[in-house]
Amino acid sequence: MNALNAATWLDPQLVAFYAADSSLQPPERQILDELRPRMARWSMLDIGVGGGRTTRHFAPVVAEYTGVDISPSMVEHCRREWRSPTCRFEVADVRDLSAFGERRFDFVLFSFNGLDYLGHEDRLRALQQIRTVCRPGALFCFSTHNIQALGHLMRLRAQFCRDPAWLRRNLANWWRWRRRHARDVSRVAAQRLDWAIVNDGAHECRLATYYVRPAAQLAQLQPAFTGIRMFSRAGEELAAEQFARVDDDWLYLLCRAD
Ligand SMILES: C[S@@+](CC[C@H](N)C(=O)[O-])C[C@H]1O[C@@H](n2cnc3c(N)ncnc32)[C@H](O)[C@@H]1O
């Protein structure tokens, strides 16, 4: 992970931002609804748990829930909020999950594109670590930024909202991003790269974010993970022939560790 991302995630002020968000994103809702009937005996690992947005939805339906985060402040917040004998929270870095041993979990979640704040080698290492803590047949769910969306990132009209404070903040951030990063993003978008790391304005331009082509994402998962399903941001399952042209900024994946 680069120094910019490490410093951003360790900033205790981010806790309130993530703790304020409590709803599932449409594909997460769809996946939870589909899996719920099978989850009662599952042991779940929620990586990059943040302010516990997903805890409130997943912890009550599994037998055992473990949330981990690289940020001690996020972990402290979750420990204060969720006091249950079936829930635990630990500081851990996805690049080294050895503290959990092997074949420990039935379901692993890395939500809200958390995987995208690692560099390329670290991302591959994280996928390997996740595979190691999965029991055979376990499911792994995550979301990631789609490089096919780079051409229409940070459109000005997407910055408008009703709340005047957020509007001011969005516009200031958009202007900062445009001056410092827009040219680089356009240059990357013009190439047909499998993946790239760009500044897309997230957290006031304080993050470098990994964007990947859907086909390249599938290749990164195989052969360790199979039965790979991809969902649009609206929660629609994508057919294989849509992968090459889908231009949603985020993609959601569900796959099985065999
Ligand atoms: C975009 S936030 C998502 C928070 C939460 N999962 C949610 O959906 O609201 C990403 C989270 O991943 C954590 N994170 C970043 N890099 C990590 C790493 N290498 N290992 C574990 N957690 C990490 C950050 O501290 C942050 O809490």
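Let me start with E204, which sits in helix α9, the helix that covers residues 202–205. Please keep in mind throughout that what we are looking at is a predicted model. In this model E204 has a positive phi of about 55°, although it is not a glycine. E204 is also exposed, since 12 other C-beta atoms lie within 10 Å of its own, and a residue with 12 or fewer such neighbours is counted as exposed.

C205 lies in helix α9 as well, and C205 too has a positive phi although it is not a glycine, in this case of about 65°. Is C205 buried or exposed? The answer lies in between, because C205 has 17 other C-beta atoms within 10 Å and is therefore partly exposed.

One further backbone detail belongs here, and for that we move to P223, which lies in the loop between α10 (214–221) and β8 (225–231). The peptide bond that leads from Q222 to P223 is cis, with omega near 0°.

Let me now step back to the chain as a whole. It has ten helices and nine strands. The radius of gyration of the chain is 18 Å, close to the 18 Å that the globule rule gives for 258 residues, so the chain is as compact as a globular protein of that length. Taken along the principal axes, the C-alpha atoms fill a box of roughly 50 × 40 × 35 Å. Of the 258 residues in the chain, 36% are buried, and among the contacts with a separation of 6 or more, 67% are made by residues 24 or more positions apart.

How is the chain divided into domains? Domain 1 is made of 3–146 + 213–257, while domain 2 covers 149–205. The C-alpha centres of domain 1 and domain 2 lie 24 Å apart. Where the two meet, nine residues of domain 1 are in contact with six residues of domain 2, and the side of domain 1 that touches domain 2 has, by class, one nonpolar, four polar and four charged residues.

The next topic is the interior. The largest nonpolar core has 56 residues, and those with the most contacts inside this core are V108 and F140. Both domain 1 (3–146 + 213–257) and domain 2 (149–205) give residues to this core, so the core lies between them. As a general point, nonpolar side chains in soluble globular proteins tend to be buried together. Which residues does F140 touch, once we leave aside its neighbours within four places in sequence? F140 is then in contact with V108, I130, C134, F225, C255 and A257.

Finally, we come to the ligand, which is surrounded by 22 residues, the closest being W9, G48, G50, R53 and F112. If we sort the shell around the ligand by class, we find ten nonpolar, seven polar and five charged residues. From this group I would like to single out F112, whose place is in the loop between β4 (105–110) and α6 (120–133). F112 counts as partly exposed, because it has 18 C-beta neighbours inside 10 Å, whereas 20 or more would be needed for a residue to be called buried. The C-alpha atoms of F112 and N5 are separated by 15 Å, and these two residues are 107 residues apart along the chain.

Definitions and conventions: Residues numbered from 1 in each chain as written. Predicted model: local features only at pLDDT ≥ 70, side-chain atom pairs only at ≥ 80, totals over all residues. Near = placed C-beta within 6 Å. Nonpolar A, V, L, I, M, F, W, Y, C, P; charged D, E, K, R; others polar. Domains from an automatic or database assignment. Contact = placed C-beta atoms within 7 Å. Core = buried A, V, L, I, M, F, W, Y, C linked by C-beta atoms within 7 Å. Helix = DSSP H or I, 4+ residues; strand = E, 2+ residues; numbered from the N terminus. Rg over C-alpha atoms; globule rule 2.2 N^0.38 Å.
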